[in-house]
Amino acid sequence: MNTRYNENLERYADLIVRVGLNIQEGQQVLISAPVTTYEFVRMVTNKAYEAGALHVMTDFYDEELKKIRLEKSSVEGLKVYPHWKQKGYIEMAENNVALLNLIAPDPSLLKDADPERVALLNKVGAEASKEFSSYIGGGKISWLIAAYPTRQWAESVFPGLEREDAVEKLWENIFYTTRTDREETVDRWEKHIGELNKRARLLNEAGYRKLHYKGPGTDLTIGFHQQTKWISAQFTNDRGTPFVPNLPTEEVFTIPDRTSVNGIVSSTKPLNYAGTLIKDFTLTFKDGKVVDFSAQEGYETLKNLLAADEGASYLGEVALVPHDSPISNTNIIFNNTLYDENASCHIALGRALSVCVENGNNLTEEELNDVGFNQSMIHVDFMIGSNELNIDGEKADGTLEPIFRNGDWV
């Protein structure tokens with residue numbers, strides 16, 4: 001890799017620390033990352049200390065060990081979860097830890113694994129992490145998901161290239177889509193977030209009670225409670241510190257009324273869920289619940305996903321992303337939700353986000369239910385946007401206004 005790559009990598013690490021996590025003086029930091037990313041984790045750690053971090057902790061893991069466990073462990077063994085780890089994460093969250101979840105995906109790692117065993121392992125982890133997840137979904141602590149290329153991921157995105165060329169090209173696109181390919185990255189991000197916040201403000205002022213989606217294979221209506229709000233992916237934690245939980249991000253989003261989703265929707269990009277690709281799938285909703293579904297690939301994985309718990313077959317997020325955006329304009333299918341969801345309008349099955357409810361973190365579960373809040377162990381985004389998608393907003397008096405035409409803001 002050349003000098004420019006090293007400069008971009010430095011800017012990427014700096015972006016993670018200064019914009020994503022926005023680490024404050026005296027704050028503790030936890031980095032959860034695959035063992036293959038250790039060199040980059042060292043770079044981020046160095047920058048975190050330079051930003052004033054009190055202590056940087058690392059929680060390394062190996063996805064190959066997960067694969068071995070799924071192949072070799074007994075069913076009872078798959079149900080084991082280290083509660084010391086669960087308690088430790090909660091303790092760190094209570095002390096305002098900043099969490100970096102650095103992912104280095106292999107999209108086909110578990111393609112041959114038993115979907116039922118994968119579903120069981122995911123369910124066990126989700127149940128054990130439920131309390132900690134409330135710190136994430138409510139934006140109570142600063143957290144961030146960012147990606148690091150692997151050979152397997154790069155080859156799945158650019159199958160016609162040699163290994164090294166594929167990895168280099170994936171890095172180039174990560175730098176481009178995260179705006180770290182040029183100087184003044186932080187200033188550029190501040191401007192970008194300002195534009196997203198403006199979009200969210202305009203949607204809130206419009207006061208739409210429903211959105212109507214129409215496109216190839218999609219005819220869907222989603223309703224909203226008046227107490228919910230549109231926001232960008234810039235949160236403010238319980239200490240009043242702003243942070244950006246996804247790098248990159250191009251979305252503004254809110255949560256639907258749990259039982260006010262009706263119609264059919266078709267995916268426009270593959271969904272990589274737990275190491276398995278789900279492709280060309282459709283979901284049919286009635287009164288909020290998925291009542292029918294199909295998939296050209298990954299049907300059993302989708303079936304198990306929808307059966308994870310009661311809330312898994314309802315929606316917990318609605319996000320608007322223009323087709324004309326940096327990630328979409330690459331014309332690349334990244335086979336990774338972090339990137340593909342920011343190239344396309346998307347919705348999410350499962351857990352809703354309390355940051356999208358006025359005073360959401362201070363409401364009881366019953367009060368959240370009153371605004372149509374969906375409770376679930378899972379939260380899985382999938383992409384439904386394209387240059388053929390049209391969206392209309394319906395106001396309280398029934399007036400319809402165009403929001404998206406041919407995949408872009410009106």
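This is a short talk on two sheets, one helix pair and one loop residue in the structure above.

Hi everyone, and thanks for coming. Before we start, please keep in mind that this is a predicted model.

Let's begin with the parallel sheet. Four strands make up this open sheet, and their order across it is S2-S1-S3-S4, with parallel pairing. Which strands stand at the edges? They are S2, residues 55-61, and S4, residues 143-147. Each of these has a single partner strand, so one of its sides has no neighbour in the sheet. Going from one strand to the next, the twist averages 15 degrees.

Now look at S1, which covers residues 28-34. S1 runs parallel to S2, and 7 bridges join the two. If you'd like one pair to find on screen, take alanine 33, whose bridge partner in S2 is phenylalanine 60.

A general reminder here: strands in a sheet pair through backbone hydrogen bonds, and that can be parallel or antiparallel.

That brings us to the antiparallel sheet. This open sheet has 5 strands, and the order is S7-S10-S15-S16-S17, with antiparallel pairing. Its edges are S7, at 231-232, and S17, at 379-383. Again, each edge strand has a single partner, so one side of it is left without a neighbour in the sheet. Within this sheet, S15 (residues 315-320) and S16 (residues 346-350) run antiparallel and are joined by 4 bridges. To find your way there, look for alanine 319, which stands opposite histidine 346 in S16.

Next, a pair of helices. H6 spans residues 115-128 and H11 spans residues 299-306. They pack with their axes 9 Å apart, at an angle of about 30 degrees. Anything under 35 degrees counts as roughly parallel, and H6 and H11 are therefore roughly parallel to each other. The crossing of H6 past H11 is right-handed. Which residues make the contact? From H6 we have Pro115, Glu116 and Ala119, and from H11 we have Glu300, Thr301 and Asn304. Sorted by class, that contact has 2 nonpolar, 2 polar and 2 charged residues.

Last stop: serine 267. You'll find serine 267 in the loop between strand S11 (261-266) and strand S12 (271-273). Is serine 267 buried or exposed? Its relative accessibility is 11%, and the cut-off for buried is under 20%, so serine 267 counts as buried. Leaving aside neighbours within four places in sequence, serine 267 is in contact with Asp280, Phe281 and Met383.

That's the tour, and I'm happy to take questions.

Technical notes: Residues numbered from 1 in each chain as written. Predicted model: local features only at pLDDT ≥ 70, side-chain atom pairs only at ≥ 80, totals over all residues. Heavy atoms only, no water. Axes fitted to C-alpha atoms, helices over the stretch in contact; angles between N-to-C directions. Parallel < 35°, antiparallel > 145°, perpendicular 65-115°, else oblique. Left-handed = near helix turned anticlockwise from the far one by under 90°. Contact = heavy atoms within 4.5 Å. Nonpolar A, V, L, I, M, F, W, Y, C, P; charged D, E, K, R; others polar. Pairing = 2+ DSSP bridges. Buried < 20%, exposed > 50% of the residue type's maximum accessible area, 1.4 Å probe, protein only.
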